[in-house]
There are 4 protein chains.
Amino acid sequence: MKIAHAGHAELRVKDFEASKRFFTETMGLFISYEDNERAYLRAWQDFEHHSLILTKGDTSALVHLGWRVEDPESLDQFAQHFDKLSIPYTWTEAGAERGQGRGLRFSTIGGVPMELYWEMEMYRTKDSEWVSVLPSFPQKFPTVGIAPRRFDHFNVMSNDVQREQEWLTDVLGIKHRYYVEGANGERRGSWLSVTNLSHDIAVMRNYSGSGARLHHHGYFVDSSDELIRAATMIVEHGGKLEWGPGMHGTSGAIFLYFFEPSGHRIEVWTRGMLIFPPDWKPIRWDHATEALGFDTFGSKAPETYLNYGTEVVSATGAPASAQTARQ
Amino acid sequence: MKIAHAGHAELRVKDFEASKRFFTETMGLFISYEDNERAYLRAWQDFEHHSLILTKGDTSALVHLGWRVEDPESLDQFAQHFDKLSIPYTWTEAGAERGQGRGLRFSTIGGVPMELYWEMEMYRTKDSEWVSVLPSFPQKFPTVGIAPRRFDHFNVMSNDVQREQEWLTDVLGIKHRYYVEGANGERRGSWLSVTNLSHDIAVMRNYSGSGARLHHHGYFVDSSDELIRAATMIVEHGGKLEWGPGMHGTSGAIFLYFFEPSGHRIEVWTRGMLIFPPDWKPIRWDHATEALGFDTFGSKAPETYLNYGTEVVSATGAPASAQTARQ
Amino acid sequence: MKIAHAGHAELRVKDFEASKRFFTETMGLFISYEDNERAYLRAWQDFEHHSLILTKGDTSALVHLGWRVEDPESLDQFAQHFDKLSIPYTWTEAGAERGQGRGLRFSTIGGVPMELYWEMEMYRTKDSEWVSVLPSFPQKFPTVGIAPRRFDHFNVMSNDVQREQEWLTDVLGIKHRYYVEGANGERRGSWLSVTNLSHDIAVMRNYSGSGARLHHHGYFVDSSDELIRAATMIVEHGGKLEWGPGMHGTSGAIFLYFFEPSGHRIEVWTRGMLIFPPDWKPIRWDHATEALGFDTFGSKAPETYLNYGTEVVSATGAPASAQTARQ
Amino acid sequence: MKIAHAGHAELRVKDFEASKRFFTETMGLFISYEDNERAYLRAWQDFEHHSLILTKGDTSALVHLGWRVEDPESLDQFAQHFDKLSIPYTWTEAGAERGQGRGLRFSTIGGVPMELYWEMEMYRTKDSEWVSVLPSFPQKFPTVGIAPRRFDHFNVMSNDVQREQEWLTDVLGIKHRYYVEGANGERRGSWLSVTNLSHDIAVMRNYSGSGARLHHHGYFVDSSDELIRAATMIVEHGGKLEWGPGMHGTSGAIFLYFFEPSGHRIEVWTRGMLIFPPDWKPIRWDHATEALGFDTFGSKAPETYLNYGTEVVSATGAPASAQTARQ
């Protein structure tokens, strides 16, 4: 029973058309499927059918974060595991989410809506104009927009970072990689992963105290140079730059944060470390080094960065038709 | 009487639609004006109305290379200078070339068709969606294609490089910057400029002996990283990569050569030196270092690179309506 | 019983001083320990004590490739596994290799000398001038040489690629990621990994037929821009550039190959894909696409690249004092 | 009578050894000559003997900014020009400044100490280990530190920007390129050049009102990627990062500011525009766009950036032995 990797986020967006336009024309993602209610998107080298779902709605919110499990058995094993721990969950039917088999939906202890799945369509373009000359890749190298290489990670906010991190580690088996402590020793942020990425998910303190929030959905670009180009594109083409370029000392990654038209925060980043040691000890960043962890180059995190995230819906908030209640 | 800088090339193209599509969608240039016969294009930061004209035709050829002069007087002064030297020329009327005043057309001693002009429209987008948030720039930073920053230089082939270089220096006042000599001391290539660029125009030996040819039209990108992305775009999106990425030791620039659909060779390059000393002595590259000059990283120039260039039309080959014969 | 990741290569070098100088001054690696016979080196962000050992010798050869196992139990489990399969092995004592616990040494079916280990010192500089301001990192960001971020992968040659790949997959559990087939269907190369890297080890055909060889030891740099700088450093400062910059279509990585003074081939590369799907199917590159797999940008692999690799010593060729024979 | 280009700054430094170490080991400049009192430095591709002079002193101050003139005659012509305008000046003897002929020293109307010179030694390394394999370059490509390609520009502070700019344009012939106006229409900054660089010198308002100051001495790096590496080097290796990476909207350049150990502000930058039109009209940035001009990516200039600059000595403050008073 194991999680293999982070897969996708479903984001409800209050301005469906503007968000769709931004993610395709400026962000440079590709639509693998869309209907009147949803658009499924992926970065050019994402191997799965989607790494982002935009769902039309009255408000903007995180609907769920999707994780693929390591093998077919893991899905039911996690359900049994949740039964034992009295963690409520529901199932979505195969196909309810385009390209995906059935999904096990639940919320973390802090209220972040999540989904585990095994079956997922591996994307290969069917448009002959977009077949890559290189068999390894699901489509051609792109020519439009920021065009990140791949989805990278989730980042959520919580009132109690340590509790959330311990739950993710103990219940889901996501390893703790590094963390930041405030002056009084309280946890400010924790970064976790099951893969060799420095983090598949981060949990950062919600300084506003409003509970679970999506902080951002993160994509990877190939170089600082691409990231600088991305910043210029955002300023000129309809995004709202929030912070960066800067360097998170914790991971060594160069970052850029911005808001898409419906208000979700997006990150593109590059560089940074991969983690290989199987007996990795979480790295402690104390208050004395916290500022370098935020931005090694010396800028301060904007207030919005510390206080603002997108609302989350409960894990049972998905359309009823797509769910089978556990009992 | 002085030339200020290289301005644009007019290229006759046998596949007008395919070339236009390539230059806008893959190369990432912008059309400032077009009609059924011509498309005027520029890089996003080119300040002039155009740095490239595509003209519909049965064959692909260089029609002219345009140079802006330093002041209004220089135009007539050059005509008088040509009179004295018995160099034939014609005038094109103001407006015959979109955005440009009258042009003084002539051929170099080796037969390269050229044009001098003074009046030229400085480009500012009239499309409100494309007005940059930055007043310094003629339009927004782009999101499509290779999107070089600016036009950089011309490169032509000649049976007699030294004679051509000396003519360009003596008659037009374009300074000699560096040159390559073969084993027997004959000139293989010469690079010249009036600006601080390492060269505004290069003359390379036509090993096929077929005389004046356009070797390539060159654009500048901001980094090696962009150039690597450009190479991938060319491979995937309808250009034909010829050579690179490599490094010309002579200028220190990183290069990439490819053919657009009508057969003209295009270069994008980056890095390289600027030249500031007013008493610059041309740098000699002898046969022992020639290979490092071609590609410091060790690749060999393809045969096409040494032998193939686009035909040139005579400087009086422009449409008669656009010309006023000198006598 | 599982391998966690590739760790280091021990290279015997015929010019110890020249190699040491090259790897520190031009390559930009750091010495974590050295004596008269050996130098232990690592990239600035390598977390382990070393990713490269240079051992003084009369000839240049690969002594062993080291792999860390996933947990303490795996080491003895692999030994028992080898017993069952009648694969000969020896043990090296803890400390025989600086910073490392005991090592299980064996050769692959094709003759590549390998070592498994569990205990390894995690590097932290003891030099106060080199302590990073960032607690996540084992030392400061470097200022000298190419300075790759981290060790990336091994690459070996074999007369029978398919047999070697199947052995690595079946016996060691290293997953097959992608492969290249020649015109007649024979295997030209296979790339394998246990981590999310596209490959931890590659096996390429030895066209000279001379059997097991080290093809290269590979490090990762952060961008194409760094790789271009690396190429210039190699040309100017005592390495011998063999091939690149180019792009391996198979992985999408930008590559550069060069020889260090004792004749071992080193690669630095960047970009490229990470692999996350747990049910990844090896990607087949057939003869029609093979050239794009070698270099997407169109250059041909040099003859040396196809035929030359460094000799290997048998896995029992390590100094006797450091070994405990199995029986 | 014309200035050719900006050449070098002489900076008096209160911690000569620390500054020398920083500029060679971290900044990656090269010493072309040094004695107990002075160190002459240049970037690896600077063609002149020096672009920076460090002079030992009790305080840190700008001693002079050196400009090369276009031809030998210009030097005396400028002296006569100054005579006519009653601008005081002195001459330094040939050789008083290493590698340079006699210098014409004067102060701008705002008090910035300057020097014009014609004769200057073109640098070629005499160390055989440092001779480049590429004849175009004065030395090998470097392996240490930030290693900018070349000196780029000066930046000075003034209580009255407009007066200073008009003086530089009217008296020295340095063209006005772009400027920023405050809310009330007063001039906040002006950028000027005689070359194709966007500016050879900038004048920015001294918000502290303390008069002429050196704001910074600027070098060019080849890419955003190098600039990000530079920022990390500064943080880890003894510089003090002040601001950046960010983007000056005015020039489109990516910037990074930091202080060397004696307190002078240094900039490295990349990208940005070159200016070719001979009839360039200065671009106005009004108060509404000022913030984007400072940093397009949205950060605010630190207070130090607006108020702090290094003191200047009067143009007659050079050692008496090196001067010949005009009368």
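In this predicted model, a hairpin of three residues connects β2(C) to β3(C). Strand β2 covers residues 30–34 of chain C, and its pairing with β3(C) is antiparallel, with four bridges. Within this pairing, C:E34 has C:A39 of β3(C) as its bridge partner.

On β3(C) there is also a pairing with strand β4 (residues 52–56) of chain C, again antiparallel and with four bridges. Here C:R38 is placed opposite C:T55 of β4(C).

The strand pairings are listed below.

| Strand pair | Sense | Bridges |
|---|---|---|
| β2(C) and β3(C) | antiparallel | four |
| β3(C) and β4(C) | antiparallel | four |

Strand β3 itself spans residues 38–42 of chain C and is mostly covered, with five of its five residues buried. The side chains of β3(C) divide into two sets: C:R38, C:Y40 and C:R42 point one way, while C:A39 and C:L41 point the other way. Both sets are buried.

A separate site is centred on C:H176, a residue of strand β10 (residues 175–181) of chain C. Is C:H176 buried or exposed? C:H176 counts as buried because its relative accessibility is 11%, and the cut-off for buried is under 20%. The side chain of C:H176 makes a polar contact of 2.8 Å with the side chain of C:S190. Leaving aside residues up to four places away in sequence, C:H176 touches C:Q165, C:T169, C:R187, C:S190, C:W191, C:L192, C:W280 and C:P282. C:S190 thus appears both in the polar contact and among the residues touched by C:H176.

Terms used. Residues numbered from 1 in each chain as written. Chains lettered and ligands numbered in written order. Predicted model: local features only at pLDDT ≥ 70, side-chain atom pairs only at ≥ 80, totals over all residues. Heavy atoms only, no water. Buried < 20%, exposed > 50% of the residue type's maximum accessible area, 1.4 Å probe, protein only. Pairing = 2+ DSSP bridges. Polar contact = N/O pair within 3.5 Å; in protein donor to acceptor, adjacent residues only side chain to side chain. Contact = heavy atoms within 4.5 Å.
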